[in-house]
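Hi,

Here is the structure I promised to pass on. Have a look at it first, then read my notes underneath.

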Amino acid sequence: MRDIAVFSGTAHPDLAAEICAHLGVPLHPVRVSRFANDCLEVQLQANCRERDVFLIQPLVPPVQEHLVELLLMIDAARGASAGRITVVLPHYAYARSDKKDAPRISIGARLVADLLTSAGADRVLAMTLHSPQVHGFFSVPVDHLHALRELATHFRRYDLSNTVVVSPDLGNAKEAAAFARLLGTPVAAGAKQRFSDDLVKISAVIGDVTDRDVIVLDDEIAKGSTVVELMEHLRGLRVRSIRLACTHGLFSGDALQRLSDQDGVLEIVCTNTVPIPAAKRVPKLQVLSVAPALAEATRRIHNGESVSALFA
């Protein structure tokens, strides 16, 4: 591939290297330094002039550090006369701040989208945004991928004749229904009310789950409070087994160990959109790679081909 330049921030260089391996192009180095006053400075250490530049950086903890680093990378590419700048966002952390559901509250998803555009991004390639409306916060083209095919390929290894896909809430029910269609299973959903970041209440499960093998599907799992609450209801309804699946395995604190220790949980499946430290990993965890999908989308964007055809 000619006239393409791929760079990675410090958030997830392993994923960036895997994407480049699938593309057959080098991952160019980036120098990130810090001044005495704690300000960051970024230097892209390869030619960008009139090239198709792709900047890979999921917004993972420390989110603010990685966000500023990404903005500086975009600015550096623009200042180096890049022909086009595409931001590859495997995880867009601020996507959860997508609505005004309390007085005098900020809508971070829209603000960060504006910041990326103002810095000089011409295009965004994202993976499983928290809600569909986040796509509309960007004033530049957005190619929005999902990891349902990768997850479905994994679960098709099992006998799914008595399986039901369960969404933790109605907001994720559409994605769960699409996933269930890929697997050829029924779908159910929890009726959830959120009181704070780590306090949720599920009043009921809508759908038949009794004596069934359950796959709980969510877009991301951070503290795991929603999933733990849902599993209490599922055990009360006498499900046969539970498998957990998500695209973004954030697993803050001891969430991964806590979920693994829950009764009835056979497996926890996520993708590598965010890095998971080796110290946090548990035997029940399976991490699937989305690098092939991101690499193919990158190739199609570079060549001017359809990205939506990936979902046909």
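Below is what I found, going from the sheet to the aromatic residues and then to a few backbone oddities.

One thing up front: this is a predicted model, so please read everything here as computed from that model.

Let's begin with the sheet. It is open and has six strands, paired in parallel in the order 2-1-5-6-7-8. Strand 2 and strand 8 (142-145) are the edges, each with a pairing partner on one side only. At the strand 8 end, four bridges join that strand to strand 7 (residues 123-127) in the parallel sense. If you want a spot to click on, M127 has L145 in strand 8 as its bridge partner.

Two helices are worth showing along with the sheet. Helix 2 (residues 63-79) packs on it and touches strand 1 (4-8), strand 5 (52-56) and strand 6 (84-89). The direction of helix 2 makes about 165 degrees with that of strand 6. Helix 8 (residues 291-303) lies across strands 1, 5, 6, 7 and 8, and its angle to strand 7 is about 160 degrees.

On the other edge, strand 2 (residues 27-28) holds H28. Is H28 buried or exposed, given that strand 2 is an edge strand? Its relative accessible area is 16%, under the 20% cut-off, so H28 counts as buried. Leaving out residues up to four places away in sequence, H28 touches I4, A5, V6, F7, S8, A46 and R51.

Now the aromatics. The count comes to three aromatic pairs. In one of them, the ring centres of F155 and Y158 are 6.3 Å apart with the planes at 55 degrees, so this pair is tilted. F155 also pairs with F179: here the centres are 6.1 Å apart and the planes stand at 80 degrees, which makes the pair edge-to-face because that is over the 60 degree limit. F155 sits in helix 4 (residues 148-155) and F179 in helix 5 (residues 173-183), so this pair ties together parts that are 24 residues apart in sequence.

Put together, ring pairs link F155, Y158 and F179 into a cluster. Both F155 and F179 are buried, with F155 at 0% relative accessibility. Y158 is at 25%, so it counts as partly exposed. What sits over the ring of Y158? The charged end of R243 does, 4.0 Å from the ring centre.

Last, the backbone. Three places you may want to look at:

- P61 to P62: this peptide bond is cis, with omega near -5 degrees. P62 is in the loop between strand 5 and helix 2.
- R104: phi is positive, about 55 degrees, although this residue is not a glycine. R104 is in the loop between strand 6 and helix 3 (108-119), and at 78% relative accessibility it counts as exposed.
- T128: phi is near 50 degrees, again a positive value in a residue other than glycine. T128 is in the loop between strand 7 and strand 8. At 5% relative accessibility, T128 counts as buried.

So there is a positive phi at R104, which is exposed, and another at T128, which is buried.

Cheers

Definitions and conventions:
Residues numbered from 1 in each chain as written. Predicted model: local features only at pLDDT ≥ 70, side-chain atom pairs only at ≥ 80, totals over all residues. Heavy atoms only, no water. Phe/Tyr/Trp six-rings, centres within 6.5 Å; stacked < 30°, edge-to-face > 60°. Buried < 20%, exposed > 50% of the residue type's maximum accessible area, 1.4 Å probe, protein only. Lys NZ or Arg CZ within 6 Å of the ring centre and 35° of its normal. Contact = heavy atoms within 4.5 Å. Pairing = 2+ DSSP bridges. Axes fitted to C-alpha atoms, helices over the stretch in contact; angles between N-to-C directions.
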